[in-house]
Amino acid sequence: MTTEEMQLLFEQLVKSYFASASVRWCETNQVKPPYPLVALKLTNVSRSVHPDTYGEEEVCRCYLCTGSLTLNLYTQGRRQPAQPGLTAPPARNTAVSDLQAFLCYLDSDAGQDFQSVHNLCILPEGKTQDVSALLNDNAFEYRALQEFSVEFVDKAFGHSGITPPTGEGFEQTPSGGGTSEQAQDKTGWFERAKVTYQKEAENE
């Protein structure tokens with residue numbers, strides 16, 4: 001699983017719960033959609049220095065990767081009814097409560113099943129923070145923030161580490177990384193070897 005694939009799975013999980021909200025990754029060229037809005041950000045990824053290696057004809061190196069994700073939830077809050085003859089009170093800020101409800105879903109059987117099927121481990125890190133802000137003299141932006149750690153396994157095949165698994169075709173990264181020649185590189189592999197046995201002469 002690549003980092004990109006991990007991000008898509010995390011996005012899929014978030015969308016499955018916040019079904020009526022817009023889900024976006026931060027720092028993308030998109031117009032900010034109306035609330036409710038869930039903004040995701042990948043802050044860093046680390047990988048194990050010494051991978052697990054298996055396979056003979058098709059060598060595979062498995063790297064345990066740990067990433068940090070941030071989820072921001074923007075909401076208009078809960079509208080409160082107006083009393084007869086009075087102006088409606090401001091909406092109640094439910095950002096923290098709504099985000100903690102997602103944590104319950106993440107820890108539920110459904111959330112754990114999703115992680116198990118896709119070989120992911122997603123855990124909340126730290127407290128759910130209320131980061132609401134005053135936009136102008138009489139309007140607040142209700143927002144809550146939660147950080148997560150995610151663990152997944154990234155696999156690299158072949159002599160150059162970019163050979164696609166059996167049955168899959170080579171695809172260069174969107175940033176221009178990798179070549180078909182590197183993907184087909186088998187330098188250092190022994191597909192067959194001829195062994196000759198020679199009996200040593202006996203000492204007279």
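Where is the place of N119? I looked this up first and found N119 in the loop between α3 and β5. The model I am reading is a predicted one, so I kept an eye on confidence as I went along.

**Entry: N119**

I checked the backbone of N119 and noted a positive phi of about 55 degrees, although N119 is not a glycine. Is N119 buried or exposed? N119 counts as exposed, because its relative accessibility is 59% and the exposed class begins over 50%.

**Entry: confidence**

I then looked at the pLDDT values. The protein chain averages 86, and 87% of the residues score at least 70. Where is confidence lowest, and where is it highest? I found the lowest mean, 73, in strand β6 (residues 133-136). The highest, 97, belongs to helix α3 (residues 109-117). Helix α3 is also one of the two elements that flank the loop of N119.

**Entry: the overall layout**

I listed the elements next. The protein chain has 4 helices and 7 strands. Read from the N terminus, their order is α-β-β-β-β-α-α-β-β-β-α. I also looked up burial: of the 204 residues in the protein chain, 29% are buried.

**Entry: strand β7 and its partners**

Which strands pair with β7 (residues 139-157)? I found β4 (residues 60-75), which pairs with β7 in the antiparallel sense over 16 bridges. I also found β5 (residues 121-130), again antiparallel to β7, over 7 bridges. To place these pairings on the model, I picked one pair of residues from each. R61 stands opposite A156 in β7, and D130 stands opposite A144 in β7. I added a reminder for reading such strands: in a regular strand, side chains alternate between the two faces of the sheet.

**Entry: the salt bridge**

How many salt bridges does the structure hold? I found 1. The side chains of E11 and K15 form it, with 2.9 Å from N to O. Both residues are in helix α1 (residues 3-17), 4 residues apart, which is about one turn of the helix. I looked up their accessibility too. E11 is buried, at a relative accessible area of 14%, whereas K15 is partly exposed, at 41%.

**Entry: cysteines**

How many disulfides does the structure hold? My count is 0. C62 is in no disulfide, and the nearest cysteine sulfur to it, that of C60, lies 3.9 Å away. A disulfide needs the two sulfur atoms within 2.5 Å, so I left this pair unjoined in my notes. C62 counts as buried, because its relative accessibility is 12% and buried means under 20%. I looked at C26 as well, and C26 is partly exposed, with a relative accessible area of 29%.

**Entry: Y35, P36 and Y74**

I stopped at a cis peptide bond that joins Y35 and P36, with omega about 5 degrees. P36 lies in the loop between β1 (22-25) and β2 (37-47).

I turned to the aromatic rings and found a count of 7 aromatic pairs. Why is the pair of Y35 and Y74 stacked? Their ring centres are 5.6 Å apart and their planes are at 25 degrees, so the pair is stacked. Y35 is in the loop between β1 and β2, while Y74 is in strand β4, so this pair ties together parts that are 39 residues apart in sequence. Y35 is partly exposed, at a relative accessible area of 24%, and Y74 counts as buried, at 12% relative accessibility.

**Entry: more rings**

Which residues do ring pairs link into a cluster? I wrote down F10, Y17, F18, F102, Y105 and F148. I also noted a charge over a ring: the charged end of R47 sits over the ring of Y63, 3.9 Å from the ring centre.

**Entry: S160**

My last stop was S160, in the loop between β7 and α4 (180-183). S160 is partly exposed, with a relative accessible area of 33%. I looked up its separation from K186, which is 26 residues away along the chain. The C-alpha atoms of S160 and K186 are separated by 8.2 Å.

Terms used: Residues numbered from 1 in each chain as written. Predicted model: local features only at pLDDT ≥ 70, side-chain atom pairs only at ≥ 80, totals over all residues. Heavy atoms only, no water. Salt bridge = Lys/Arg side-chain N within 4 Å of Asp/Glu carboxyl O. Buried < 20%, exposed > 50% of the residue type's maximum accessible area, 1.4 Å probe, protein only. Pairing = 2+ DSSP bridges. pLDDT = per-residue confidence, 0-100. Phe/Tyr/Trp six-rings, centres within 6.5 Å; stacked < 30°, edge-to-face > 60°. Lys NZ or Arg CZ within 6 Å of the ring centre and 35° of its normal.
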